[in-house]
Amino acid sequence: MPHLFSSHRLRREARTVEAMIRRYCRDHHGATTEPCPDCRDLLAYAQQRLHHCPFQHRKTTCANCPVHCYKPAQRERIRTVMRHSGPRMLLSHPVLALLHLLDGLRRPRRKP
Ligand code: SF4
Ligand SMILES: [Zn+2]
């Protein structure tokens with residue numbers, strides 16, 4: 001859904017979270033091409049949260065966010081995904097992983 005996002009930054013975040021969920025699904029649910037329905041739901045949820053994020057391109061990473069807009073169940077699921085896929089992204093998607101680490105250093109500001 002890249003057209004949903006207002007900036008290059010958010011489109012990149014959407015690609016990053018998709019790569020992480022795909023990796024998790026491949027390793028835990030045996031997905032070979034498309035993620036399983038549960039992981040597709042989680043991805044759609046994460047993309048919808050990004051779309052409505054009050055910080056938009058001024059956001060930090062969701063893991064470092066002071067608001068954390070996820071519902072508790074989805075928050076726990078995405079944390080599990082990140083714990084698994086985060087370190088593995090350094091090998092499979094080094095540029096996205098590095099940029100994501102840098103995003104985590106930003107101080108978030110709400111969009112005006
Ligand atoms: S968790 Fe924070 S940074 Fe992530 S989408 Fe929600 S409000 Fe934005
Ligand atoms: Zn899955």
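The largest cavity in this structure, which I should say at once is a predicted model, is the space taken by ligand 1. If we look at what surrounds ligand 1, the residues there are R49, C53, P54, K59, C62, C65, H68 and C69, and this shell divides into 5 nonpolar, 1 polar and 2 charged residues. One member of that shell, C53, has a relative accessible area of 8%, and because the threshold for burial is under 20%, C53 counts as buried.

Let me turn now to ligand 2, the zinc ion, where the coordination can be described atom by atom. The ion is held by the SG atoms of C25, C36 and C39 together with ND1 of H29, at distances of 2.0 to 2.3 Å, and along the chain these donors follow the spacing C-x3-H-x6-C-x2-C. As for the geometry, the 4 donor atoms subtend angles of 102 to 118° at the zinc ion, and the arrangement is therefore tetrahedral. For reference, the ideal angle for four tetrahedral donors is 109.5 degrees.

How exposed or buried are the cysteines of this site, C25 for instance? C25 has 0% relative accessibility and so counts as buried, while C36 and C39 are both buried as well.

Finally, on the question of sulfur pairing, with a cut-off of 2.5 Å between cysteine sulfur atoms, the count of disulfides comes to 0.

Technical notes. Residues numbered from 1 in each chain as written. Chains lettered and ligands numbered in written order. Predicted model: local features only at pLDDT ≥ 70, side-chain atom pairs only at ≥ 80, totals over all residues. Heavy atoms only, no water. Near = heavy atom within 4 Å. 1 Å grid on protein atoms, 1.4 Å probe; cavity = no way out; pocket = protein on both sides within 12 Å on 5 of 7 lines; lining within 4 Å. Sits in = over half its atoms within 2 Å of the grid points. Nonpolar A, V, L, I, M, F, W, Y, C, P; charged D, E, K, R; others polar. Donors = N, O, S within 2.8 Å, 3.2 Å for Na, K, Ca; no water. Tetrahedral: all angles 85-135°; square planar, octahedral: opposite > 155°, others 65-115°. Buried < 20%, exposed > 50% of the residue type's maximum accessible area, 1.4 Å probe, protein only.
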